[in-house]
Amino acid sequence: MTTRYIAIDTETTGLQIRKGDRPFAVSLCDEQGKQHYFEWEIAPKSGRPRVSQQDVREIQLLTDGKELVFHNYLFDIEALESIGCTFDWE
């Protein structure tokens with residue numbers, strides 16, 4: 001069975017992405033129940049996560065071409081875009 005849907009959730013350092021808050025964890029789950037979890041260490045002095053660009057590429061690969069399901073899509077998309085994820089809405 002081909003995966004068509006991916007549910008995504010982000011955990012962030014705060015609610016103000018436009019003021020510098022960033023995701024420190026991203027979880028994904030497909031319709032078969034396969035889960036992926038990415039978590040990054042937060043730098044003690046800056047309070048910013050040390051996001052792995054390899055993880056960002058993997059998140060992109062897992063979500064590309066899939067229908068995405070969010071609990072709070074406006075917030076989660078903004079959070080994901082703040083770490084370099086892009087989405088093709090066509």
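Reader: In this predicted model, where buried means under 20% relative accessible area and exposed over 50%, is T12 buried or exposed?
Author: Residue T12 belongs to strand 1, and it sits on the covered face of that strand together with I6, I8 and T10. Its relative accessible area is 17%, which is under the 20% limit, so T12 counts as buried.

Reader: Which residues does T12 touch, not counting residues up to four places away in sequence, and which backbone oxygen does its side chain reach?
Author: Beyond its sequence neighbours, T12 touches I17, R22, P23, F24, F75 and A79. Two of these, F75 and A79, are listed among the buried residues of helix 2. As for the backbone oxygen, the side chain of T12 reaches, at 2.6 Å, that of G14.

Reader: How is strand 1 joined to strand 2 and to strand 4, and how many bridges are there in each case?
Author: With strand 2, strand 1 runs antiparallel, and one of the facing pairs sets D9 opposite S27. With strand 4, strand 1 runs parallel, and there I8 stands opposite F70. The bridges number seven for strand 2 and four for strand 4.

Reader: Which elements give two or more residues to the largest nonpolar core, and how many residues does that core have?
Author: In soluble globular proteins, nonpolar side chains tend to be buried together. Here the residues with the most contacts inside the largest nonpolar core are I8, V26, L28, I59, L80 and C85. The elements giving two or more residues to this core are strand 1 (5–12), strand 2 (23–30), helix 1 (53–63) and helix 2 (73–82), and the core has 14 residues.

Reader: Against which strands do the buried residues of helix 2 pack, and what residue with a positive phi follows the helix?
Author: The buried residues of helix 2 are F75, D76, I77, A79 and L80, and they pack against strand 1, strand 2 and strand 4. Leaving aside neighbours within four places in sequence, L80 is in contact with I8, T10, P23, V26, F70, C85 and F87. After the helix comes a residue whose phi is positive, near 110°, namely G84.

Reader: What is the relative accessibility of L68, and which residues does L68 touch?
Author: L68 has its place in strand 4 (residues 67–70), and its C-alpha atom is separated by 9.5 Å from that of D30, 38 residues apart along the chain. Because its relative accessibility is 21%, L68 counts as partly exposed. Not counting residues up to four places away in sequence, L68 touches I6, I8, T63, F87 and W89.

Reader: Which residue forms a salt bridge with E31, and why does the pair tie together separate parts of the chain?
Author: The structure holds three salt bridges, and in the one formed by E31 the closest N and O atoms are 3.7 Å apart. E31 lies in the loop between strand 2 and strand 3 (35–39) and its partner in the segment before strand 1, so the pair ties together parts that are 27 residues apart in sequence. E31 counts as partly exposed at 32% relative accessibility, and its partner, partly exposed at 45%, is R4.

Reader: What distance separates the closest N and O atoms in the salt bridge of E78 with R18, and what is that distance for R50 with E41?
Author: In the pair formed by E78 and R18 the closest N and O atoms are 2.7 Å apart, and this pair links distant parts of the chain, with E78 in helix 2 and R18 in the loop between strand 1 and strand 2, 60 residues apart. E78 counts as partly exposed at 24% relative accessibility, whereas R18 is exposed, with a relative accessible area of 77%. In the other pair, R50 counts as partly exposed at 46% and E41 as exposed at 51%. For R50 with E41, the closest N and O atoms are separated by 2.2 Å.

Reader: How many disulfides are there, and why do C29 and C85 not form a bond?
Author: A disulfide needs two cysteine sulfur atoms within 2.5 Å, but the sulfur of C29 is 17 Å from the closest cysteine sulfur, in C85, and is therefore too far for a bond. C29 counts as partly exposed at 26% relative accessibility, whereas C85 counts as buried at 2%. By this rule, the count of disulfides is zero.

Notes: Residues are numbered from 1 along each chain as its sequence is written. This is a predicted model: local features need pLDDT of at least 70, side-chain atom pairs count only at pLDDT 80 or more; totals for chains, interfaces and linings use all residues. Side-chain values use heavy atoms; hydrogens and water are left out. A nonpolar core is a set of buried Ala, Val, Leu, Ile, Met, Phe, Trp, Tyr and Cys residues joined through side-chain atoms within 4.5 Å. Buried means under 20% relative accessible area, exposed over 50%, partly exposed in between (1.4 Å probe, protein chains only). Contact means heavy atoms within 4.5 Å. A salt bridge is a side-chain nitrogen of Lys or Arg within 4 Å of a carboxyl oxygen of Asp or Glu. A polar contact is a pair of N or O atoms within 3.5 Å; within protein, one must be able to donate a hydrogen and the other to accept it, and residues adjacent in sequence count only if both atoms are side-chain atoms. Two strands pair if DSSP finds at least two bridges between them.
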